[in-house]
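Hi there,

Here is the model I promised to pass on. Please have a look when you get a chance, and my notes on its salt bridges follow below.

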Amino acid sequence: MTDRERAALAAEIASAVAVAAAPHACECRQPSAVSETAMGWSGLRGRLDLAFQRPDASNSDFEQFLSLAGAGGFRSVCVPPRWTAKAVRALADRPTGVSSIVGFPNGASLTPVKCAEAECLLRLGADELWMVADIGGLRSGDLDAVFVDIRAVAELAQCRDAPLNVVLEIPLLTRRQKVEACVVAKLAGAAAAVSTSGVAGSSTDAADIDLMRRTIGGEVEIVAAGGLESADEAQRMLDSGAARICTSATPELFNSLAHASHRSS
């Protein structure tokens, strides 16, 4: 990281911290640009990335997941590296994209390892990458290392025209660390900042999505993830500033989405 980049990062963090500390003009929350009633089922599912994270999954489990995801017309599926090639083949004739994860679950892999993993996944046909940032680095204030780590993978992804979504594990950070994480991800080249993987048992909070939006919204997409299992929860995240929702494909989610579809019809 150069001195100029370090100075720019410090200046932007200072500005973002000031903005985050400023009180809202009012206590009301602005609704999302498209309400649930107007958006309906088709609009909501077009903003959903379905994650497949089961460590005990068999081939038949994954095939069932792909069948549900492909038929649902979701934005994308996010799968572990070992399932990437199979997902690419299965969804080749569907509009649903395929993304895979780098540095999962805690972002502690060495940067060259993350780059090698990203390169391999892109060669397998992944349209998009989800990378877990170095959470320990963020909590330790080692922002130089976190910046370099993200930028290395972002530049590799950009060479393949693949967006990089950076998972920040926001619920594990202090308020200032949340702001720092968002700014670092933006300046390092992330296409989207993701609230959490959900692996640490943490779930997304609407207040955190609002903070992320006020910090970098408009320049980097905000993705709400972790513990979202209903259409109503997804809508609250969108109303708080999320552009997209990433959630595990659970029976509860599909039942809720089916109910939302019935309500909007």
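Below is what turned up when I went through the charged side chains.

First, the ground rules. This is a predicted model, so local features need pLDDT of at least 70 and side-chain atom pairs count only at pLDDT 80 or more, while totals for chains, interfaces and linings use all residues. Residues are numbered from 1 along each chain as its sequence is written, and side-chain values use heavy atoms, with hydrogens and water left out.

Searching the whole structure gives 20 salt bridges (a side-chain nitrogen of Lys or Arg within 4 Å of a carboxyl oxygen of Asp or Glu).

Arg6 is a nice place to start. Its side chain forms a salt bridge with Asp3 at 2.9 Å, N to O. Both residues sit in helix 1 (residues 3-21), three residues apart, about one turn of the helix; helices here are DSSP runs of H or I, at least four residues, numbered from the N terminus. Arg6 also pairs with Asp144, at 2.6 Å, N to O. Asp144 belongs to helix 7 (residues 143-159), so this pair ties helix 1 to a part 138 residues away in sequence.

Further along, Asp149 and Lys114 form a salt bridge at 2.6 Å, N to O. Asp149 lies in helix 7 and Lys114 in helix 5 (residues 111-123), so parts 35 residues apart in sequence are tied together. Both Asp149 and Lys114 are buried, that is, under 20% relative accessible area with a 1.4 Å probe, protein chains only.

Finally, a network of salt bridges links Asp49, Arg75, Glu128, Glu221 and Arg244.

Best wishes

Technical notes. Helix = DSSP H or I, 4+ residues; strand = E, 2+ residues; numbered from the N terminus. Buried < 20%, exposed > 50% of the residue type's maximum accessible area, 1.4 Å probe, protein only.
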